[in-house]
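Please consider the model displayed here, for which a short report on a sheet, a helix pair and one further helix follows.

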Amino acid sequence: MPDWSYHTLFKPWLSRFPGNAGREFIHRGMSTIASIPGGKSFIEFLGHMSPSGKLSRNLFGLEFESPVGLSGKIDPKLTGTQAFQTLGFGTIEVGPVTVLPRDHVVDASLDSSEDALILPENLQTIGLAATIDTLKKKQLSVPVLIRLEEPETIARHFKGVGDAFVIEIDSLKSPDNLSQIKALLDNRPILIAVRHTVVPETLSKLKEASAFAHGIMIEEDRALRSGKQVLALQQISGMTRALSMIKKEIALPVVTSGGVAEPADALELFRAGAELVFLSGGYIASGPGLPKRIQEAMLDTRKEEKDHPGWAWHWLFGLFILLGGSIVLFYSLTKVLLFYDEAFMQMSRVELIAYNSNLYKFMSHDRMTLAGTMISGGFIYMQLARYGISHGIHWTRKAFNIGSITGFLGILLFLGFGYFDWLHGLFWLILLPVYLIGYTKTRGANGPPSSKNRTNHIAWKKALFGQLLFVILGFSFVLGGVIISTIGTTSVFVDTDLQYICMTPDQLNALNEKLIPVIAHDRAGFGSSLFSVGLLVLTLALWGFHEGAAWVWRTFLIGGIPAFSAGILTHFYIGYLDFIHLFPAYFALALYLGGLWLTRDYFKLSTRLNHKQMPCKTADIP
């Protein structure tokens with residue numbers, strides 16, 4: 001569940017569920033999707049959240065793919081663990097684990113007035129037996145840290161379960177007691193957890209216990225009120241002070257848990273020396289995309305750029321499609337029928353105009369819309385090559401390949417009509433080697449994206465709604481391509497087409513039995529082109545939203561003009577103005593304009609606006 005769906009669609013109505021039903025509904029739903037065949041790939045397609053190998057690290061003898069983890073406070077019933085490992089987390093904390101289950105007496109919630117997470121004073125837990133049984137069934141692929149609330153009593157039950165363990169400093173009767181617990185856990189890694197506000201007074205105890213521990217976990221502070229604990233979402237200043245104090249006195253790796261509300265908070269903790277950062281309330285408030293945003297911000301600070309010269313072949317591929325679309329547009333506005341069309345039908349354009357001028361205009365309309373789609377698609381390919389693949393960004397190469405391969409496969413739709421457009425075939429034969437050379441030369445373009453986004457400012461909040469509009473737009477194009485291709489390969493016409501032409505299919509066949517195959521060929525060509533361009537728009541919307549990436553906004557802006565101009569103005573040009581027929585185009589245009597308006601500040605923020613002038617409380621996000 002990416003941020004563009006979480007904040008705009010799910011969060012507003014999930015908050016209306018009674019008790020913790022909303023949390024459990026979304027956790028179970030995501031885990032169900034992640035568990036079915038292809039589910040993890042679907043989640044990755046929607047959010048592109050897999051962490052970069054550049055951020056992996058080895059701690060406590062364990063390999064962490066990402067330095068961002070998830071606190072056990074978020075999923076006390078372990079219903080979402082199957083999904084969380086697909087959302088960019090490098091590790092998941094489980095617990096606290098107690099001998100017996102403990103139900104919640106206070107519902108978990110976000111308090112927007114205090115900008116805090118509200119939890120029961122004694123955290124909910126499913127108990128020892130259920131925890132062990134669940135973890136054995138899940139077989140998670142990321143390291144699991146288990147928090148033991150009663151370590152002396154339950155440690156011996158965790159043989160073969162869990163990768164590391166978290167024990168709160170308050171749970172230790174004495175530092176020596178930790179050595180006994182460690183033996184019960186087969187000497188697996190143990191982290192000592194301590195709230196940042198009590199570090200000064202417990203420092204000596206921490207130093208003694210550190211002789212038996214592998215690391216220290218600095219946790220967010222809490223305020224206890226009437227059976228509930230209030231956890232402020234942002235606690236960076238206190239946590240960094242505690243981190244600095246511990247790093248000076250104890251030579252152990254230090255991780256943090258909670259107190260992070262936005263990427264800037266996590267970056268500050270990493271700069272202060274934190275090895276891992278676990279998210280708690282900030283994850284709920286900022287959304288499931290927070291791990292990805294943190295990782296992209298970390299990569300942005302490294303400023304590593306590589307040039308992949310093979311991008312020029314992909315740029316040339318896009319240029320050829322753009323020029324091909326321009327040629328099609330020229331002929332659709334002049335001759336419409338080329339010489340080989342006339343030779344196939346054994347009918348000249350003059351004869352066709354004389355018999356039914358609307359039929360001639362209708363054929364012109366099909367070719368104009370194809371031309372506009374080709375020009376838009378060609379421009380998007382060129383942008384992906386120039387600003388993405390050239391810098392080795394993996395998602396741009398993946399989007400390019402998805403669009404181009406589906407475009408090549410679209411030629412198969414032409415083979416069933418008894419009419420093969422040899423010029424179209426020749427065009428693809430020219431494009432194929434250009435694409436293959438580019439594909440081969442850019443195989444090394446597998447780098448992760450970076451982003452300048454650091455805070456939950458207003459432009460970011462608006463952009464989530466704009467991103468949703470672009471995702472719907474891309475999906476609409478894909479769906480439209482499927483529908484048009486299906487119509488082109490079956491009935492060829494819809495009712496409004498026949499009303500405009502003023503002829504039935506039987507009458508068209510009586511006029512010339514080769515006329516419908518030519519029209520069907522054009523419809524299938526437009527449908528397949530719209531499908532592949534729709535995939536380009538969809539992947540650009542799903543994967544390309546990174547603050548300061550102004551080229552992505554320009555791609556949407558300029559890339560949409562040819563397609564919408566051809567798709568809408570063409571109908572005015574030929575007088576085909578049926579509202580029902582044009583409604584999908586009007587709907588898509590509204591999505592396009594709304595998306596551009598809502599995302600403009602976000603994509604151009606680094607050069608136009610100062611982040612500090614755009615505060616936006618995390619808990620205020622709808």
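How many bridges join strand 11 to strand 12? Three bridges join strand 11 (residues 223-225) to strand 12, and the two run antiparallel; strands (E, at least two residues) and helices (H or I, at least four) are DSSP runs numbered from the N terminus, and two strands pair if DSSP finds at least two bridges between them. The model is a predicted one, in which local features need pLDDT of at least 70 and side-chain atom pairs count only at pLDDT 80 or more, while totals for chains, interfaces and linings use all residues. Residues are numbered from 1 along each chain as its sequence is written, and side-chain values use heavy atoms, with hydrogens and water left out.

**The sheet**

Strands 5, 6, 12 and 11 form, in the order 5-6-12-11, an open sheet of four strands with antiparallel pairing. Strand 5 (109-111) and strand 11 stand at the edges with a single partner strand each, so one side of each is left without a neighbour in the sheet. The pairs are listed below.

| Strand pair | Bridges | Residues standing opposite |
|---|---|---|
| Strand 5 and strand 6 | three | serine 109 and isoleucine 118 |
| Strand 6 (residues 116-120) and strand 12 (residues 228-232) | five | proline 120 and lysine 228 |
| Strand 11 and strand 12 | three | leucine 224 and glutamine 229 |

The hairpin of strand 11 and strand 12 has two residues between the strands, and serine 226 in this hairpin takes a positive phi near 50°.

**The helix pair**

Helix 23 (residues 550-574) packs with helix 24 (residues 579-603) at an angle of about 160°, their axes lying 10 Å apart, where axes are lines fitted to C-alpha atoms, for helices over the stretch in contact, and angles run from 0 to 180 degrees between N-to-C directions. That makes helix 23 roughly antiparallel to helix 24, a term for angles over 145 degrees. Among the residues that meet (contact means heavy atoms within 4.5 Å) are Trp553, Phe556 and Phe564 in helix 23 and Leu589, Tyr592 and Phe603 in helix 24.

**Helix 10**

In helix 10 (residues 263-272), the buried residues, meaning those under 20% relative accessible area with a 1.4 Å probe and protein chains only, are Pro263, Asp265, Ala266, Leu267, Leu269 and Phe270. These buried residues pack against strand 1 (57-59), helix 9 (236-249), strand 13 (254-257), strand 14 (277-279) and helix 12 (290-302). Glycine 273, which follows helix 10, has a positive phi near 115°.

Methods
Buried means under 20% relative accessible area, exposed over 50%, partly exposed in between (1.4 Å probe, protein chains only). Angles under 35 degrees count as roughly parallel, over 145 as roughly antiparallel, 65 to 115 as roughly perpendicular and the rest as oblique.
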